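Biologist: Please take the aromatic pairing in this model and examine it closely. I should then like to see the account extended to the other local features that deserve attention.

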Amino acid sequence: MNALPLAELPAALPADRILKTLRTHRQGPLLTVELNVPEQGNAVTDAMLDDLLTVLDDQDPAVRVLVLAAAGDDFCLGGDRGEFAEHLALDPTGGGIRASGTRARRVCEALTANPAVTIARVQGRAVGAGLALALACDLRVGADTAAFRLPELALGLPTAWGGLLPRLISEAGAARVRDIILTGRVFDAHEAHTLSILQKVVPEDALDAAVTAWARPVLRRPAPALRVTKALLNSLTASTRLADVSVLDPELMAAVLTQQHRPG
């Protein structure tokens, strides 16, 4: 991803850094966080969750827009199943799975509750945990060639990662969510737009321009009013969920995986 063409902003600040799984780029009040393991499809690992928490927990209060982007052909191909297997090998009771699930929930909550306006820039495939990361953002734009899938059920997993399910039902509606979860089918960017998973669909070479079109007016808004308005939107959205049991996601994931791997 190229730096956003926001000519009126200062040049990159010293906050730019390369972590094990991420790159960050700062332009004044705009921070871009890029998933940066393209050779692994930007699969979500514990290391990536830790890097995301490092960035989000240390975020400068002056940041008003945070863009979540990804290097390579795909936004994110989901959780690293090999790492799940390693966790179970080390602790058959599921302790590692629970710890990983707790990290995932913290990351998604940090994106959703972020005082900055968060924008997901999606290209290629966004699968499972990758879709959850994008969905945790306020605004989501995808390339017209992007594709989405929730394959957890086909893999013998519950749809219990980072609070994905209540967010998805809130945005897309329960009936449509049943379809995409129970079938595990691939759906394209235009259907994602119909489902409100994306708010904009553009050609891939127009992704940066679409992000800039959102960022420019937001960066001009008075900071106190922006923070309060986002907090109000989050509170009102949460109030429409009669019950949010996503706090149990780590326990549910651990329970299913340990049951499946229990000696017969």
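Modeller: Rings of Phe, Tyr and Trp, the last taken by its six-membered ring, count as a pair if their centres lie within 6.5 Å, and the pair is called stacked if the planes are under 30 degrees apart. The model is a predicted one, and by this criterion it holds 1 aromatic pair. The partners are Phe148 and Phe187, whose ring centres are 5.6 Å apart and whose planes make an angle of 20°. Because stacking requires an angle under 30 degrees, the pair is classed as stacked. Phe148 belongs to strand β8, residues 147-149, and Phe187 to strand β9, residues 187-188. With their positions 39 residues apart in sequence, the two rings link distant parts of the chain. Both Phe148 and Phe187 are buried.

The wider setting is a protein of 10 helices and 10 strands. Buried residues account for 50% of its 264 residues. Of the contacts between residues at least 6 apart in sequence, 72% join residues at least 24 apart.

A further ring is involved in an arrangement with a charge: the charged end of Lys200 sits over the ring of Trp214, at 4.5 Å from its centre.

Two residues other than glycine have a positive phi. For Asn42 the angle is near 55°, and for Ser196 it is near 65°. Asn42 lies in the loop between β3 (30-35) and α1 (46-57), while Ser196 lies in the loop between α7 (189-194) and β10 (200-202). Asn42 counts as buried because its relative accessibility is 0%; Ser196, at 33%, counts as partly exposed.

Asn42 also leads to Asp80, which is 38 residues away in sequence and 9.4 Å away in space, C-alpha to C-alpha. Asp80 is placed in the loop between β4 (65-70) and α2 (81-90). Its relative accessible area is 23%, and Asp80 is therefore partly exposed. Apart from neighbours within four places in sequence, Asp80 is in contact with Val44 and Thr45.

There remains the second largest pocket, with a volume of about 260 Å³. It is lined by 16 residues, and those closest to its centre are Gly78, Gly79, Pro151, Glu152 and Leu155. By class, the lining comprises 10 nonpolar, 3 polar and 3 charged residues.

Methods:
Residues are numbered from 1 along each chain as its sequence is written. This is a predicted model: local features need pLDDT of at least 70, side-chain atom pairs count only at pLDDT 80 or more; totals for chains, interfaces and linings use all residues. Side-chain values use heavy atoms; hydrogens and water are left out. On a 1 Å grid over the protein atoms alone, a cavity is a set of points where a 1.4 Å probe fits but cannot get out, and a pocket is an open set with protein on both sides within 12 Å along at least five of seven lines; lining residues have an atom within 4 Å of a point. Grid points are joined across faces, edges and corners, and a volume is the space filled by probe spheres set on the points. Ala, Val, Leu, Ile, Met, Phe, Trp, Tyr, Cys and Pro count as nonpolar, Asp, Glu, Lys and Arg as charged, and the others, Gly among them, as polar. Rings of Phe, Tyr and Trp (its six-membered ring) pair if their centres lie within 6.5 Å; planes under 30 degrees apart count as stacked, over 60 as edge-to-face and the rest as tilted. Helices (H or I, at least four residues) and strands (E, at least two) are DSSP runs, numbered from the N terminus. Buried means under 20% relative accessible area, exposed over 50%, partly exposed in between (1.4 Å probe, protein chains only). A charge sits over a ring if NZ of Lys or CZ of Arg is within 6 Å of the ring centre and within 35 degrees of the ring normal. Contact means heavy atoms within 4.5 Å.
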